[in-house]
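This briefing is intended for readers who wish to relate the sequence to the fold at the level of individual residues. Please keep the structure in view while reading.

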Amino acid sequence: MKVKVIPVLEDNYMYLVIEEHTREAVAVDVAVPKRLLEIVGREGVSLTTVLTTHHHWDHAQGNTELVRLLPGLVVLGADERICALTRRLAHGEELRFGAIHVRCLLTPGHTSGHMSYFLWEDECLDPPAVFSGDALSVAGCGSRLETTAQQMYHSLVETLGTLPPETVSSLPLTLSWGPASYITGVLCTCLMPGFRMTACQPWGQVDQVRGEGPRHWGECLCPSLPMVVLCTPSAFFLQKVFCGHEHTLGNLEFAQKVEPCNNHVKAKLSWAKKRDEDDVPTVPSTLGEELLYNPFLRVAEEPVCKFTGKVAPAEVLEVLCRERASFEQAAEPLQPQARALLALQWGLLSMPRPK
């Protein structure tokens, strides 16, 4: 499964997902059809389907023109407001494009009909990917426009935050051999969340540690005998997140305000600034990373609760959304005309009907 990241408009992303054996391709969130078709032609693939996350113009406005240019093209999504929609999808529905599986995940929050798409490929070592539109972004999430905080919490934490590992199991990163007392002292303290370490000694005893930070090995291992340690990332840690916008810098700056002592936020912000200077996309991230620095997925963490003054996860999320809106307005205040245009684009206002 090959994913082409296509920056368009001011800060949007379209995606082209290619099944490399059949050369069939699926597009996600078509805003600029001509740009998409340039990539399709360059890759020499057959575009058969469009997956649209939600109805907003910057994610769906290209559908109509694309259908005109490619008769027979199928446009799928969960909201009847999506341009040129062929068929409405249901939560949990599964699609197939060659060896690529797609699980449709209804993720209301930004809009009531927002759908995210979880993709994986048969017999492939590449990690799964979720195309999250404006539901989940790098270190943030889309503005809550049409649903309750409880619904948004369910979408972010219980739906996207607990995606199954599917076909990816393990890829070896580190293989070490030496006295157990030395190996465990070095590697266990370096264990990252989302990683699994397996220790083996000559008589075949095995102990495993899954990534929850530094841990101690079981007493079954003899410190005086040699030991092999295999360090592998879990599939959850590696699942890629392809979001709809390049909002990473602003998101991380807000995340730093929420958790000023979070070293993962500091490191990611420094990395994102360098990417921004080089004009390079910050997508994709991974679900494992997002759990380390995205405050909207960390609503049960003590520093985030303290920042909001709330304990119930949905209430924490509601305060975060409100604080983030204030933070963004202070950073880049919108003029009244711009606010009205944005509301019109998001479908919160309607065009006056001609008399």
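What share of the contacts in the chain with a separation of 6 or more is accounted for by residues 24 or more positions apart? Such residues account for 59% of those contacts. The model discussed here is a predicted one. The points below are grouped by topic.

**Overall organisation**

- The chain comprises 355 residues, of which 48% count as buried.
- Its secondary structure consists of 12 helices and 16 strands.
- The chain exposes about 17000 Å², and carbon and sulfur atoms supply 55% of that area.

**Salt bridges**

- The count of salt bridges comes to 15.
- One of them joins glutamate 43 to lysine 2, with the closest N and O atoms 2.9 Å apart. This pair links distant parts of the chain, since glutamate 43 belongs to helix α1 (residues 33–43) and lysine 2 to strand β1 (residues 2–8), 41 residues apart.
- Lysine 4 also forms a salt bridge with glutamate 43, and here the closest N and O atoms are 3.5 Å apart. Again the pair links distant parts of the chain: lysine 4 lies in strand β1 and glutamate 43 in helix α1, with their positions 39 residues apart.
- Lys2, Lys4 and Glu43 are thereby linked in a network of salt bridges.
- Glutamate 43 counts as buried because its relative accessibility is 14%, which is under the 20% limit.
- Lysine 2 has a relative accessible area of 29% and is therefore partly exposed. Lysine 4, with a relative accessible area of 27%, is partly exposed.
- A further salt bridge is formed between the side chains of aspartate 278 and lysine 274, at 2.5 Å from N to O. Aspartate 278 is partly exposed, with a relative accessible area of 41%, and lysine 274 is partly exposed, with a value of 45%.

**Histidine 54**

- Histidine 54 is placed in the loop between β4 (46–51) and α2 (57–60).
- Is histidine 54 buried or exposed? Histidine 54 counts as buried because its relative accessibility is 0%.
- Its side chain makes a polar contact with the side chain of threonine 53, at 2.8 Å.
- Apart from neighbours within four places in sequence, histidine 54 is in contact with Asp29, His59, Ala60, Ile82, His110, Thr111, His114 and Asp134.

**Leucine 106**

- Leucine 106 is part of strand β8, which covers residues 100–106.
- With a relative accessibility of 31%, leucine 106 counts as partly exposed, because partly exposed residues fall between the 20% and 50% limits.
- Leucine 106 and threonine 159 are separated by 53 residues in sequence, whereas their C-alpha atoms are 8.4 Å apart in space.
- Residues up to four places away in sequence aside, leucine 106 touches Ala78, His91, Ser112, Gly113, His114, Met115, Ser155 and Thr159.
- His114 is thus in contact with leucine 106 and also with histidine 54.

**Serine 285**

- Serine 285 is located in strand β16, residues 285–286.
- The relative accessible area of serine 285 is 1%, so the residue is buried.
- Which side chain makes a polar contact with the side chain of serine 285? The partner is glutamate 290, at 2.6 Å.
- Leaving aside neighbours within four places in sequence, serine 285 is in contact with Val138, Gln239, Lys240, Val241, Glu290 and Tyr293.

**Packing of helices α4 and α11**

- Helix α4 (residues 149–160) packs with helix α11 (residues 313–331) at an angle of about 100°, and the axes are 8 Å apart.
- The two helices are therefore roughly perpendicular to each other, because angles of 65 to 115 degrees fall in that class.
- From α4, the contact is made by Ala149, Gln150, Met152, Tyr153 and Leu156. From α11, it is made by Pro313, Ala314, Leu317, Glu318 and Cys321.

Conventions:
Residues numbered from 1 in each chain as written. Predicted model: local features only at pLDDT ≥ 70, side-chain atom pairs only at ≥ 80, totals over all residues. Heavy atoms only, no water. Helix = DSSP H or I, 4+ residues; strand = E, 2+ residues; numbered from the N terminus. Buried < 20%, exposed > 50% of the residue type's maximum accessible area, 1.4 Å probe, protein only. Contact = heavy atoms within 4.5 Å. Areas by Shrake-Rupley, 256 points an atom, 1.4 Å probe, with all protein chains shown as cover. Polar contact = N/O pair within 3.5 Å; in protein donor to acceptor, adjacent residues only side chain to side chain. Salt bridge = Lys/Arg side-chain N within 4 Å of Asp/Glu carboxyl O. Axes fitted to C-alpha atoms, helices over the stretch in contact; angles between N-to-C directions. Parallel < 35°, antiparallel > 145°, perpendicular 65-115°, else oblique.
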